[in-house]
Amino acid sequence: MQWWTLVDAVVVAHLPHSVDPARYDIVLGAAVSSEESFFELPAAPRFELFAGTTLAAASAGRCSAVDGLFKPRADPAPVPMELIGCEPSEPLLAALRRPRRSERDWAYLLVLDRHGAVMASRTVGLAITGARPSVLGGTLVDITLTDGGDDRPSPAARPIWAEWYQGPPAESNLWAPYDSQGRAAWLDLTTRAWRVSAPRPDHSGGEYHLDGRFVTDVPGLHCAIAEALLGPGRYFGREWNAFKDCLGGGFGVAPPFTLTWHDSEIARRALADVVEGPEDGLSYFEDIVRLLERCGVTVVLR
């Protein structure tokens, strides 16, 4: 999102690390410059493309011009959203009273399970096209929003929400029948559940077993690892960087421990062509195994 240019740097101090004498804590005094605008090109522009999402991402090429970069895009046509069977309260009632002034109003649309727990949330604009007695009868109303906004779930999320409606899953591998989009939607719900749950102390040591029969894509890999370490419906990262953060502690399990990965060859073959860091050329499977081992996890591949 933002880049700064390092103008100068001076090492102010360097001391042995308090825990590991082989490492050093380094204090830098640095000067940086930042462009005020991203819309004015320098006299001799240069562009560089970086591939991969990990910290090891490397340059994939350079170019001297990019045609179309600064051309404005037309606003997409609004897509209405119907709210069926509403019991409106403030600020929705206020928006109904002054529909023409509500373009800047917005609200969170919360997706609840049967127990009232929030599974997901989306932001919606409250510009209202019309309201009428609900098709469900009673005192309910149906409201048409002029544009439901861009924060809409993938259609793949619908069966996942239905799966979680009774509450967080209690069985393993319920995510397995879904495609990559569905598994990513599953990870969305585990992320939300982690954010609103109370923190739990970390446990180290012991052996965990990863069921690798259904690890055929990146979302499936992270679904399976989270279930192996913490149980169904739990969160332990959804991509490489987040997974690395979880291995640092604070998410319920921390190294050292042993992870026995059953049917690991399925993931090895399925992810052979998924390369996040082109500099080292490792597949996603190999990169995850290396990350685990570097963080102190004993990985047993079976």
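User: Before we start, what do buried, exposed and partly exposed mean here?
Analyst: They're about relative accessible area: buried means under 20% and exposed means over 50%. Whatever falls in between is called partly exposed.

User: Okay, and what kind of model is this? Is Ser154 in it buried, exposed or partly exposed?
Analyst: Keep in mind that this is a predicted model. Ser154 sits in the loop between β9 and α2 (157–164). Its relative accessible area is 31%, and since that falls between the 20% and 50% cut-offs, Ser154 is partly exposed.

User: How far apart in space are Ser154 and Gly182?
Analyst: Along the sequence, Ser154 and Gly182 are 28 residues apart. In space, going C-alpha to C-alpha, the distance is 8.6 Å.

User: Let's try another loop residue. Is Ala127 buried or exposed?
Analyst: Ala127 belongs to the loop between β7 (118–125) and β8. Its relative accessibility is 16%. Because the limit for that class is under 20%, Ala127 counts as buried.

User: And what separates the C-alpha atoms of Ala127 and Pro201?
Analyst: These two residues are 74 residues apart along the chain. Between their C-alpha atoms there is a distance of 45 Å.

User: Which strands stand at the edges of the sheet β5-β9-β8?
Analyst: This is an open sheet of three strands with antiparallel pairing. An edge strand has a single partner strand, so one side of it is left without a neighbour in the sheet. That description fits β5 and β8.

User: By how many degrees does that sheet twist from one strand to the next?
Analyst: The figure is an average, taken from one strand to the next in the sheet β5-β9-β8. It comes to 15 degrees.

User: Which residue in β9 is the bridge partner of Met81?
Analyst: Start with the strands: β5 (residues 81–86) runs antiparallel to β9 (residues 141–145), and four bridges join β5 to β9. At the other end of β5, Cys86 stands opposite Val141. For Met81, the bridge partner is Leu145.

User: What about Pro133: which residue is its bridge partner in β9?
Analyst: Pro133 is in β8 (residues 128–133), which pairs with β9 in the antiparallel sense over five bridges. Its bridge partner in β9 is Val141.

User: Why is β9 called largely enclosed by the rest of the structure?
Analyst: Just look at its residues, because burial is what decides this. The number of buried residues in β9, out of five, is four.

User: There's another sheet, β10-β11-β12. Which strands are its edges?
Analyst: It's an open sheet of three strands, and the pairing is parallel. Each edge strand has a single partner strand, so one of its sides lacks a neighbour in the sheet. The edges are β10 (207–211) and β12 (297–301).

User: Which residue in β12 is the bridge partner of Leu259?
Analyst: Strand β11 (residues 257–262) pairs with β12 in the parallel sense, over five bridges. Within that pairing, the partner of Leu259 is Val299.

User: At about what angle does helix α4 run to β10?
Analyst: Helix α4 (residues 218–230) lies across β10 and β11. Its angle to β10 is about 145 degrees.

User: Last one: which strand gives the most to the nonpolar patch?
Analyst: The patch is on the surface and is formed by Val11, Tyr24, Ile26 and Leu28, with about 440 Å² of accessible area together. Val11 comes from strand β1 (residues 5–16) and counts as exposed at 51% relative accessibility. The top contributor gives three residues: strand β2 (residues 24–33).

Methods. Residues numbered from 1 in each chain as written. Predicted model: local features only at pLDDT ≥ 70, side-chain atom pairs only at ≥ 80, totals over all residues. Heavy atoms only, no water. Patch = residues over 30% accessible without salt bridge, like charges linked within 9 Å, V, L, I, M, F, W, Y side chains within 5 Å. Areas by Shrake-Rupley, 256 points an atom, 1.4 Å probe, with all protein chains shown as cover. Salt bridge = Lys/Arg side-chain N within 4 Å of Asp/Glu carboxyl O. Helix = DSSP H or I, 4+ residues; strand = E, 2+ residues; numbered from the N terminus. Buried < 20%, exposed > 50% of the residue type's maximum accessible area, 1.4 Å probe, protein only. Pairing = 2+ DSSP bridges. Contact = heavy atoms within 4.5 Å. Axes fitted to C-alpha atoms, helices over the stretch in contact; angles between N-to-C directions.
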